[in-house]
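Trainee: Please choose one helix and give it a close look, then take me through some of the other helices and the loops that follow them. I am new to this, so please explain the terms as you go.

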Amino acid sequence: MSYDLHTLRGDVSGGVTAAVISITPAVTYGVASGLGATSGIYGALAVGFFVGVFERSRPQMGSVSAVLAIAMAAVVATHAETAAEAFTIAMLAGVIQLVLSVLRIGSYVTYTPYSVIAGFTSGIGVMTVISMSNAFLGDPVKITKPVNAIRNWPEAFDTLNTSALAVGLAALGVSVLWPKRLRRFLPAMIAALLAATLLHVLWLSDMPTLEGIPRSLPDLQRPELSLTFLAGAVVPALTIALLSTVRGLLGALAVDAQTRTQLDPNKGLLGTGIGNVAAGLIGGLPGSPTFLSSIVAWRMGSRTAISPIIRSLTLLALVLGLAPLFTYVPHAALAGMLAVIGWQLIDWRFLARLRRIQREHLLIMLTTLGITVFVDLVTAVAVGLIVAGMIGARQFERLQLDSVVSVPLLDQIFLYEHSADSYGISPYSARTGIVKLRGSFTVASSSKLIRTIGDDIVGHEVVILDFSETEYIDDSAALVIEQLIDTAAAGDATCIILSLDGAPAATLESLNALRRIPPEHMVGSLDEAQDIARGLLVDESEASPPPPRRLTGPDSPDL
């Protein structure tokens with residue numbers, strides 16, 4: 001598209017509007033993280049700038065979020081002894097995202113089970129709401145474990161600050177009750193901050209307020225690069241990278257649906273990764289692409305990457321110009337807004353369906369939620385993913401085993417054209433069995449595949465392994481197939497391989513899993529397998545029977 005004055009006007013309008021609605025959440029989330037209001041602002045600046053620069057198909061805004069702020073609070077509490085270590089973890093998360101982008105596997109992060117996401121976001125919400133109770137009673141805003149917050153209640157009630165309680169309730173009330181028709185002109189969060197701050201300035205002044213924000217450019221942070229620290233920082237950095245990537249990709253998809261555009265997820269992840277590295281270098285929180293700022297900017301006329309750049313520059317100008325005013329903002333006002341945000345983070349839609357949710361998904365969700373609340377977020381995400389993987393493997397096992405068909409082939413149908421009685425063979429004799437492996441087979445089903453099929457091949461003298469409808473076999477399943485062949489050989493049965501080609505053939509050959517199978521026993525059609533089986537089973541002493549019947553008509557076995 002050609003860039004003209006009309007496009008510039010839309011980019012400026014959208015960028016400035018996005019900056020105005022970003023400053024209050026950035027300050028709030030910075031305080032919630034325990035790293036200070038400036039960390040939220042610097043994170044919004046860095047992430048917003050690089051997310052916008054690297055996305056060219058439409059303007060994409062980036063900023064900090066409540067989930068990442070609380071995650072950083074957990075990191076500060078359990079994995080970082082200093083601010084430098086916390087910001088190093090943020091940089092490392094950005095590096096992980098860069099690697100995912102370069103390998104072009106970033107979009108696969110969105111396959112994280114929803115029950116895991118619902119569990120830790122709901123846990124973060126519960127933790128935030130309970131933590132804010134102490135700030136309502138007069139303490140500074142601090143995210144802590146619910147057990148610690150509840151333990152502090154007796155002391156907090158003894159020193160109850162009624163002014164802080166009134167300001168906090170006012171901020172909460174405005175956040176919840178602010179009319180929807182006014183939100184397009186003044187977001188509820190900004191309205192709540194203004195109302196609570198005015199109440200504090202004009203009447204109720206005895207309460208803790210924010211520390212001053214420096215009116216200067218941020219200083220560069222020196223990362224902590226000791227091997228001991230970096231080894232322990234990998235897991236929390238992976239958690240931050242996962243949260244940032246999931247939220248960013250899902251947010252971008254939501255904007256795509258509204259704007260009828262389509263972003264490249266790997267390019268977006270590249271911008272997010274660089275933004276998070278830059279945020280850590282200047283002492284900012286990690287962030288991700290955001291839905292609200294992006295859609296507001298789009299509706300205000302933003303159409304190019306110039307708009308996110310204008311947004312970052314405007315945000316910087318607002319901070320430098322308004323920095324002294326933030327000293328009037330009471331912690332209780334932020335507590336009221338964070339309590340509403342925490343309540344919204346709890347996945348009530350998911351919880352309302354608890355009775356209808358499969359037990360496996362319920363277990364994942366409740367496990368992740370419980371560990372988030374009572375242990376820490378990093379452990380919760382790790383355990384949630386492990387449990388989800390185990391349960392997912394069990395479900396894949398059922399699906400894959402259902403795709404295995406094992407059928408005994410009656411001699412009189414498979415080997416003889418006329419009745420087998422004339423050759424002294426029982427009409428119920430079935431010396432040949434065919435095992436049809438349909439679909440994909442992975443480690444999920446490998447443990448039970450041998451038990452499922454092993455019993456079927458016992459008693460047969462010839463076993464046909466049919467791969468005509470096999471799409472994929474991983475290393476674990478390939479080794480199990482080798483074990484099946486060994487089991488057949490131990491029972492004096494001969495195996496015939498039917499229609500093996502493509503990726504399954506490459507996997508089995510690479511592991512030398514078919515070394516017991518003679519080349520002449522690897523055929524491409526059932527007719528060829530029939531000829532081999534007849535040669536192995538029909539004794540020469542039998543009266544010369546007519547040629548075997550081909551299994552291409554209505555008498556072919558129904559598999």
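Mentor: Let's start with a word we will need often: a residue is buried when its relative accessible area is under 20%, exposed when it is over 50%, and partly exposed in between (1.4 Å probe, protein chains only). Helices (H or I, at least four residues) and strands (E, at least two) are DSSP runs, numbered from the N terminus. The model is predicted, so local features need pLDDT of at least 70 and side-chain atom pairs pLDDT 80 or more, while totals for chains, interfaces and linings use all residues. Residues are numbered from 1 along each chain as its sequence is written, and side-chain values use heavy atoms, without hydrogens and water.

Our close look goes to helix H17, which covers residues 359-374. Its 16 residues reach 22 Å from first C-alpha to last, close to the 22 Å expected at 1.5 Å a residue (the expected span is 1.5 Å times one less than the number of residues). Now find its buried residues: Glu 360, Ile 364, Met 365, Thr 368, Leu 369, Ile 371, Thr 372 and Val 373. While you look, remember that an α-helix has 3.6 residues a turn, so residues three or four places apart point the same way.

Helix H21 (residues 475-490) makes a good companion, with 16 residues and a reach of 23 Å, close to the expected 22 Å. Buried in H21 are Ala 477, Ala 478, Val 480, Ile 481, Glu 482, Leu 484, Ile 485 and Ala 488. Just after H21, Asp 492 takes a positive phi of about 60°. Most residues other than glycine have a negative phi. Further along, Ser 499 also has a positive phi, near 55°, and sits in the loop between strand E8 (494-498) and helix H22 (502-510). Asn 512 has a phi near 55° too; its loop lies between H22 and strand E9 (522-523). Asn 512 is partly exposed, with a relative accessible area of 45%.

For a buried residue in another helix, try Ser 163 in H8 (residues 162-177), whose relative accessible area is 14%. Contact means heavy atoms within 4.5 Å, and beyond its neighbours within four places in sequence, Ser 163 touches Leu 204, Asp 206 and Met 207.

Next, see how helices pack. The axes of H1 (residues 5-33) and H2 (residues 37-53) are 6 Å apart, at an angle of about 125°; axes are lines fitted to C-alpha atoms, for helices over the stretch in contact, and angles run from 0 to 180 degrees between N-to-C directions. That makes H1 oblique to H2, since angles under 35 degrees count as roughly parallel, over 145 as roughly antiparallel, 65 to 115 as roughly perpendicular and the rest as oblique. Where they meet, H1 offers Ala 26, Val 27, Gly 30, Val 31 and Ser 33, and H2 offers Ala 37, Ser 39, Gly 40, Ile 41 and Ala 44.

Compare H5 (residues 114-136) and H15 (residues 331-345), whose axes come within 8 Å and cross at roughly 155°. H5 is therefore roughly antiparallel to H15. Residues making this contact include Gly 125, Thr 128 and Met 132 of H5, and Ala 335, Gly 336 and Trp 343 of H15.

Finally, step back to the whole chain: it has 23 helices and 9 strands, and 52% of its 559 residues count as buried. Among contacts between residues at least 6 apart in sequence, 81% join residues at least 24 apart.
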